[in-house]
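Biologist: Could you take me through one part of this model in some detail? I'd like to hear how it sits against everything around it.

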Amino acid sequence: MTMEEEILKALESIRPFLQADNGDVELVEITEEKIVKVKLTGDCKDCPMSTLTLRAGIEKALMNNVPGIRRIEAVN
C-alpha cells in the first residue's frame with residue numbers, strides 16, 4: 001500500500017465523525033518532505049474548533065496509522 005493509500009484509509013476512518021457535524025476533510029498534497037496537506041470542508045472549514053479537530057483528530061489518526069509523515073497542515 002502506498003503512503004497516499006494509507007493516508008486516504010486513515011482519513012476514511014475519521015470521516016464519519018466530521019460528517020456528523022456537516023464537515024469533511026480532503027487530501028490536498030503529500031510533499032516530498034512527507035508533509036501532508038489537508039483541506040477542511042463544509043462546516044469544519046469555518047468552525048472555531050477546526051484547529052483542535054486538525055490536531056487531536058486528523059493529525060492523531062494519520063500519525064498513528066501512517067509511518068513516515070513529518071507534519072500535517074491545513075490549507076484553504
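**A close look at helix α1**

Modeller: Let's begin with the inward side: the buried residues of α1 are M3, I7, A10, L11, I14, R15 and L18. Keep in mind that this is a predicted model. As for what lies over those buried residues, the cover includes β1 (23-30), β2 (35-42) and α2 (50-65).

Now for the helix as a whole. α1 runs over residues 3-20, and at 1.5 Å a residue its 18 residues should span 26 Å; the end C-alpha atoms are 27 Å apart, which agrees. There is a kink along the way, though: about 40° at I14, shortly before the proline P16. I14 is also on the buried list.

Where does α1 put its nonpolar side chains? The largest nonpolar core has 18 residues, and the ones with the most contacts inside it are I7, I58, L62, I69 and I72. Two or more residues come from each of α1, β2 and α2. Of the elements, α1 gives the most, with 6 residues.

I7 is a good residue to zoom in on. If you set aside its neighbours within four places in sequence, I7 is in contact with L27, I30, V36, L62, V66 and I69. Two of those partners, L62 and I69, are themselves among the residues with the most contacts in the core.

Just before I7 comes E6, also in helix α1. E6 has a relative accessible area of 24%, so it counts as partly exposed. Not counting residues up to four places away in sequence, E6 touches M1, N65, V66 and P67. The link to P67 is a long one along the chain: the two residues are 61 apart in sequence, yet their C-alpha atoms are separated by 9.2 Å.

That brings us to the helix partner. Two packed helices are described by the angle between their axes and the distance between the axes. Here the axes of α1 and α2 come within 9 Å and cross at roughly 145°, and the crossing is right-handed. On the α1 side the residues involved are E6, I7, A10, L11, I14 and L18, and they meet T53, G57, I58, A61, L62 and N65 in α2. So E6 and I7 both take part in this meeting of helices, and so does I14, where the kink lies.

It's worth looking at α2 in its own right. Its 16 residues reach 21 Å from the first C-alpha to the last, close to the 22 Å expected at 1.5 Å a residue. α2 has a bend too, of about 35° at E59. The buried residues in α2 are S50, L54, I58, E59, A61 and L62, which puts E59, the site of the bend, on the buried list. What covers them includes α1, β1, β2 and β3 (71-74). I58, A61 and L62 are buried, and these three also meet α1.

Back to the far end of α1, where the helix gives way to a loop. D21 lies in the loop between α1 and β1, and with a relative accessible area of 55% it is exposed. D21 is 22 residues from D43 in sequence, but the pair are 7.0 Å apart in space, C-alpha to C-alpha. N22 follows α1 and sits in that loop between α1 and β1 as well. Its backbone stands out: N22 has a positive phi of about 60° although it is not a glycine. N22 counts as exposed, at 55% relative accessibility.

A similar backbone feature turns up further along. K34, in the loop between β1 and β2, has a phi near 65°, a positive value in a residue other than glycine. At 35% relative accessibility, K34 counts as partly exposed.

Last, a residue from one of the strands that help cover α1. K39 lies in strand β2 and is partly exposed, at 29% relative accessibility. Leaving out residues up to four places away in sequence, K39 touches D24, V25, E26, V28, V75 and N76. As for R55, it is 16 residues from K39 in sequence and 13 Å away in space, C-alpha to C-alpha.

To pull the picture together: α1 has a kink at I14, gives the most residues to the largest nonpolar core, and crosses α2 at roughly 145°.

Definitions and conventions
Residues are numbered from 1 along each chain as its sequence is written. This is a predicted model: local features need pLDDT of at least 70, side-chain atom pairs count only at pLDDT 80 or more; totals for chains, interfaces and linings use all residues. Side-chain values use heavy atoms; hydrogens and water are left out. Helices (H or I, at least four residues) and strands (E, at least two) are DSSP runs, numbered from the N terminus. The expected span of a helix is 1.5 Å times one less than its number of residues. The bend at a residue is the angle between axes fitted to the seven residues ending there and the seven starting there. Buried means under 20% relative accessible area, exposed over 50%, partly exposed in between (1.4 Å probe, protein chains only). Contact means heavy atoms within 4.5 Å. A nonpolar core is a set of buried Ala, Val, Leu, Ile, Met, Phe, Trp, Tyr and Cys residues joined through side-chain atoms within 4.5 Å. Axes are lines fitted to C-alpha atoms, for helices over the stretch in contact, and angles run from 0 to 180 degrees between N-to-C directions. A crossing is left-handed if the near helix is turned anticlockwise from the far one by less than a right angle, and right-handed if clockwise.
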